[in-house]
Amino acid sequence: MQNIKPLADRVLVKPAAAEEKTVGGIIIPDSAKEKPLRGSIIAVGKGTKDEEMVLKAGDQVLYGKYAGTELELEGEKYLIMRQSDVLAIVG
């Protein structure tokens with residue numbers, strides 16, 4: 001992911017894979033799966049003068065359901081969002 005460097009207080013997140021679910025033997029298609037609300041920080045910006053970056057690459061985080069902007073690079077899906085859209089670091 002050397003191609004994308006978030007600016008200011010933004011972070012680049014790789015969402016965790018959606019879990020495969022079955023209901024009574026029926027496999028739920030990808031389009032109907034819940035989007036994961038957990039991911040891994042890939043890159044961070046430098047922060048702003050009012051908000052320093054507390055997140056770092058490698059952190060496992062939880063974020064809001066509608067947080068961030070989706071983007072796809074080399075067949076992989078990512079989210080770019082503000083640090084304030086991240087709800088928690090998962091230890």
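Which side chain meets that of R82 in a salt bridge? The partner is D9, with an N to O distance of 2.8 Å. The model described here is predicted.

## Sheet layout

The sheet is open and is formed by 6 strands. Their order is 6-7-1-4-5-8, and the pairing is antiparallel. Strand 6 (69-73) and strand 8 (86-89) each have a single partner strand and stand at the edges, so one side of each is left without a neighbour in the sheet. From one strand to the next, the twist averages 40°.

Strand 1 (residues 10-15) and strand 4 (residues 38-44) run antiparallel and are joined by 5 bridges. One residue pair across strands 1 and 4 involves P15, whose bridge partner in strand 4 is G39.

## Salt bridges

The count of salt bridges comes to 3. In the pair of R82 and D9, the side chains meet at 2.8 Å, N to O. R82 lies in strand 7 (residues 76-82), whereas D9 lies in the segment before strand 1, so this salt bridge ties together parts that are 73 residues apart in sequence. The two residues are also described by their accessibility: R82 counts as partly exposed at 35% relative accessibility, while D9 counts as buried at 7%.

The side chains of E76 and K14 also meet in a salt bridge, with an N to O distance of 2.5 Å. This pair links distant parts of the chain, with E76 in strand 7 and K14 in strand 1, 62 residues apart. E76 is partly exposed, at 35% relative accessibility. K14 is partly exposed as well, with a relative accessible area of 29%. The side chains of D59 and K56 form another salt bridge, at 3.1 Å from N to O. Here D59 is buried, with a relative accessible area of 8%, whereas K56 is exposed, at 52%.

## Surroundings of L62

L62 belongs to strand 5 (residues 60-63). With a relative accessible area of 33%, L62 is partly exposed, because the value falls between the limits of 20% for buried and 50% for exposed.

Which residues does L62 contact, leaving aside its neighbours within four places in sequence? They are L37, R38, V86, L87, A88 and V90. For one of these contacts, A88, the C-alpha to C-alpha distance from L62 is 5.2 Å, although L62 and A88 are 26 residues apart in sequence.

Key
Residues numbered from 1 in each chain as written. Predicted model: local features only at pLDDT ≥ 70, side-chain atom pairs only at ≥ 80, totals over all residues. Heavy atoms only, no water. Pairing = 2+ DSSP bridges. Helix = DSSP H or I, 4+ residues; strand = E, 2+ residues; numbered from the N terminus. Axes fitted to C-alpha atoms, helices over the stretch in contact; angles between N-to-C directions. Buried < 20%, exposed > 50% of the residue type's maximum accessible area, 1.4 Å probe, protein only. Contact = heavy atoms within 4.5 Å. Salt bridge = Lys/Arg side-chain N within 4 Å of Asp/Glu carboxyl O.
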